[in-house]
Amino acid sequence: MCSRTKIENSGQMELEETIRNPGFKDVDDGGSAADTSSSGTGERRDSTAVKLDAAAEEYTQLKPYAGMPKEVLLLHSSRARYRVPREILFWLIVCCTLALVAVTITIIALSPPCLSWWHITPVYQVYPRSFRDSDGDGVGDLKGIKEKLDHFLDLNIKAVWISPFYRSPMKDFGYDVEDFMDVDPLFGNMQDFEELLAEMHNKGLKLIMDFIPNHTSDRHRWFNLSRTKDPHYKDYYVWTDCDPASPKPNNWVSIFGNSSWTYDEVRGQCYLHQFLKEQPDLNLRNPYVVQEIIDLISFWLEKGVDGFRMDAVKHMLEAAHLRDEPQVDPDMPPELVTTEWDLYHDYTTSQVGLHDMLREFRAVMDDYSREPGRYRFMVTESYDYEEVDKTMMYYGTPLVKESDFPFNFYLLDLPQNTSGWWAKHLVDLWMSNMPSGKWPNWVVGNHDRPRIGSSAGRMYVRAINLMLLTLPGTPTTYYGEEIGMENINITQSQVQDPAGKYNVSLSRDPERSPMQWNSEKNAGFNTQTNKTWLPVHPSYETVNVEVQKEDEGSVLSQYRFLNGLRQSELPFLRGWFCYVLSDTNVFSYLRELDGHKEAYLMVINFGRGSSTTDLSAVKELPNELRVLMSTNTANNQKVFQKSRIQTEAGEGLVIRYSTYTRFHPSHPAQCYVSEKACYLETVGILYKC
């Protein structure tokens with residue numbers, strides 16, 4: 001059909017057709033399309049004009065149809081019954097779009113920062129020599145770790161810190177590095193590492209490497225070039241003139257005892273080593289050395305590692321003047337100063353410039369963190385003991401970030417005095433000194449300290465795990481703590497640790513025994529031969545992963561439950577932490593979140609006997625409290641009056657209660673939160689408040 005319609009200003013309408021459309025005759029004249037077709041086929045008219053008075057009658061000849069010309073379309077679309085709904089729909093869409101944009105902007109502006117993976121998951125430390133031996137040589141390796149990755153998933157742990165596996169002479173079991181860019185054959189090879197990393201990422205796990213910036217092995221290429229005074233490498237280490245007969249340029253002592261200086265016959269000078277003489281200190285005042293360290297960090301980040309634990313960072317710089325350090329006991333004869341405890345380390349630790357250097361390392365890691373979902377984590381290790389203010393400096397400043405957190409070792413002192421007062425003191429030592437808005441962390445064991453099950457006592461293992469997993473921040477678990485492993489007893493002939501060879505009482509071997517996987521030969525650590533680099537603990541037949549997985553009341557099952565609770569309930573990750581009570585036996589605290597109906601009360605008995613705790617003065621608590629979980633499974637779901645909460649020695653309770661009455665507004669001095677947030681229960685979202 002071809003037609004053309006003219007609408008004239010006079011109010012008249014004229015329809016001109018060049019070819020009559022038989023389909024429209026049916027509409028116009030009341031005839032059928034067939035009649036029209038038969039009578040007018042091929043008929044051609046020069047012009048047909050139909051003129052109607054617009055004021056007299058409405059034009060009704062044409063109705064909307066597919067393929068109508070522009071003029072007809074405009075005619076119909078201008079009518080009110082089509083125009084008004086269209087305009088209403090248009091403005092409705094505009095308003096809804098603007099409202100959606102406004103709501104989105106508001107939610108983004110009001111939402112608290114997202115938590116990263118290292119906020120959410122505990123960190124699990126693997127000591128590779130002791131975790132799993134895949135080749136039967138008696139020493140754990142990277143393939144062994146790969147075989148046991150499902151263990152971390154079973155615990156709902158997503159971050160694994162692996163102690164050093166670099167190429168090394170093993171004078172300090174990997175902390176004396178011969179080549180930072182290679183894997184020691186004892187643990188496998190680079191392909192084994194890459195396969196381990198790929199499999200971890202496939203399973204949603206993060207890998208944190210140990211990095212040692214302070215020193216190398218004396219067999220490192222840099223040291224061999226430095227001792228021969230190679231022009232580029234001669235100042236890569238800390239050298240000074242000394243008397244070869246008595247190589248003591250000053251009174252500095254090493255961590256392992258005796259002078260921290262050793263004479264090198266090749267160079268004819270003394271070099272500094274704050275650890276073993278086989279671990280010479282790098283000269284990090286040399287910008288070329290700093291760049292070498294940055295290049296090494298980049299090398300592993302390029303491979304895809306998710307973070308670093310920076311080892312012994314407080315030792316990275318020394319005073320250039322090399323003066324004697326002041327003695328703790330000024331009257332002690334200088335020749336008797338042989339241990340680190342005899343001196344104030346004013347010139348060998350925490351020197352000016354240290355934090356600037358760590359911020360350089362952090363900046364490199366931030367460059368690699370720009371990829372979505374690939375944040376690179378950094379934690380620093382520094383034992384500062386009573387000088388907690390020095391430890392807090394590793395958090396950085398409000399304007400310049402340093403480590404995500406420094407390791408908190410104060411709970412390692414828990415066995416010194418098992419009481420509620422002491423537990424609260426150690427927790428508060430960190431919380432009250434931590435910079436505002438920072439994220440805490442907790443460590444109860446590692447490869448350098450006795451296992452908490454031995455130092456505090458087996459009866460407290462469950463309670464300590466309960467506290468570790470319900471305090472605010474990131475918990476760190478040393479391998480075996482999830483099943484309650486204890487130290488082994490070793491004889492002088494069994495000592496492997498260099499520190500123990502100087503003094504067997506200082507050996508760190510007892511806390512490094514093979515992981516106990518099952519009740520079979522060698523506790524499942526080595527199933528191919530009967531070799532283990534250290535003896536297996538005799539309790540392995542009952543204290544092992546396989547047995548405890550089947551026991552709902554085991555240490556492992558309780559650990560798994562608590563970790564699941566921590567990650568699934570908002571008050572633990574986002575809420576307030578408040579002290580409720582501490583006395584000779586009991587340490588009690590709660591976790592709550594504004595707007596969230598459910599809150600959690602922890603009551604932990606660190607004393608030597610049973611205790612009845614009276615919390616009737618805490619008006620924010622309901623009168624009846626039901627136990628969600630007890631380390632003594634007989635008390636699960638038990639109901640206590642808040643005036644009489646009973647616990648046995650070593651027992652911990654997690655009590656869940658419902659109330660919108662919050663504790664922290666009326667007790668601000670007893671409560672902490674890293675980032676304030678509130679929960680809008682009706683829509684299930686968090687917002688800043």
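Q: Hi! Which strands does helix 14 lie across?
A: Hello! Helix 14, residues 420-431, lies across strand 17 (576-582), strand 18 (586-592) and strand 25. One thing to keep in mind is that this is a predicted model.

Q: Thanks. And at what angle does helix 14 run to strand 17?
A: The angle is about 150°.

Q: What sheet do strands 17, 18 and 25 belong to?
A: They are part of an open sheet of seven strands, ordered 22-21-24-19-18-17-25. The pairing in that sheet is antiparallel.

Q: Which strands are at the edges there?
A: Strand 22 (639-641) and strand 25 (671-672) are the edge strands, and each of them pairs on one side only.

Q: What about helix 19, which strands does that one lie across?
A: Helix 19 covers residues 555-568 and lies across strand 19 (598-605), strand 21 and strand 24. It runs at about 120° to strand 21.

Q: How many bridges join strand 21 to strand 24?
A: Four bridges join strand 21 (residues 624-630) to strand 24 (residues 652-658), and the two strands run antiparallel. As an example of who faces whom, R626 stands opposite R656 in strand 24.

Q: Let's zoom out. How many helices and strands does the chain have?
A: The chain has 20 helices and 27 strands.

Q: What is the radius of gyration of the chain?
A: It is 37 Å, whereas a compact globule of 689 residues would have one near 26 Å. As for the box filled by the C-alpha atoms, that is roughly 130 × 75 × 50 Å along the principal axes.

Q: What does UniProt list for residues 88-110?
A: The unreviewed UniProt entry lists those residues as "transmembrane region". In the model, residues 88-110 are 100% helix and 0% strand, with the end C-alpha atoms 32 Å apart.

Q: And which residues does UniProt list for a domain?
A: The unreviewed entry gives residues 125-512 as "domain: Glycosyl hydrolase family 13 catalytic". That span is 27% helix and 12% strand, and its end C-alpha atoms lie 12 Å apart.

Q: New topic: how do helix 9 and helix 11 cross?
A: The axes of helix 9 (residues 190-202) and helix 11 (residues 287-303) come within 11 Å and cross at roughly 55°. Helix 9 and helix 11 are therefore oblique to each other.

Q: Which residues make that contact?
A: Helix 9 brings M190, F193, E194 and L197, while helix 11 brings F299, W300 and K303. Sorted by type, the residues of this contact are five nonpolar, no polar and two charged.

Q: One more sheet, please. What is the order of the three strands in the open sheet?
A: The order is 9-11-10, with antiparallel pairing. Its edge strands are strand 9 (239-240) and strand 10 (261-264), each pairing on one side only.

Q: How many bridges join strand 9 to strand 11?
A: Two bridges join them, and strand 9 runs antiparallel to strand 11 (residues 269-272). Here T240 stands opposite C270 in strand 11.

Technical notes: Residues are numbered from 1 along each chain as its sequence is written. This is a predicted model: local features need pLDDT of at least 70, side-chain atom pairs count only at pLDDT 80 or more; totals for chains, interfaces and linings use all residues. Side-chain values use heavy atoms; hydrogens and water are left out. Axes are lines fitted to C-alpha atoms, for helices over the stretch in contact, and angles run from 0 to 180 degrees between N-to-C directions. Angles under 35 degrees count as roughly parallel, over 145 as roughly antiparallel, 65 to 115 as roughly perpendicular and the rest as oblique. Contact means heavy atoms within 4.5 Å. Ala, Val, Leu, Ile, Met, Phe, Trp, Tyr, Cys and Pro count as nonpolar, Asp, Glu, Lys and Arg as charged, and the others, Gly among them, as polar. UniProt positions are given in the numbering used here, feature names are shortened, and annotations may be inferred rather than shown by experiment. Two strands pair if DSSP finds at least two bridges between them. The radius of gyration is taken over C-alpha atoms; the globule rule is 2.2 Å times the number of residues to the power 0.38.
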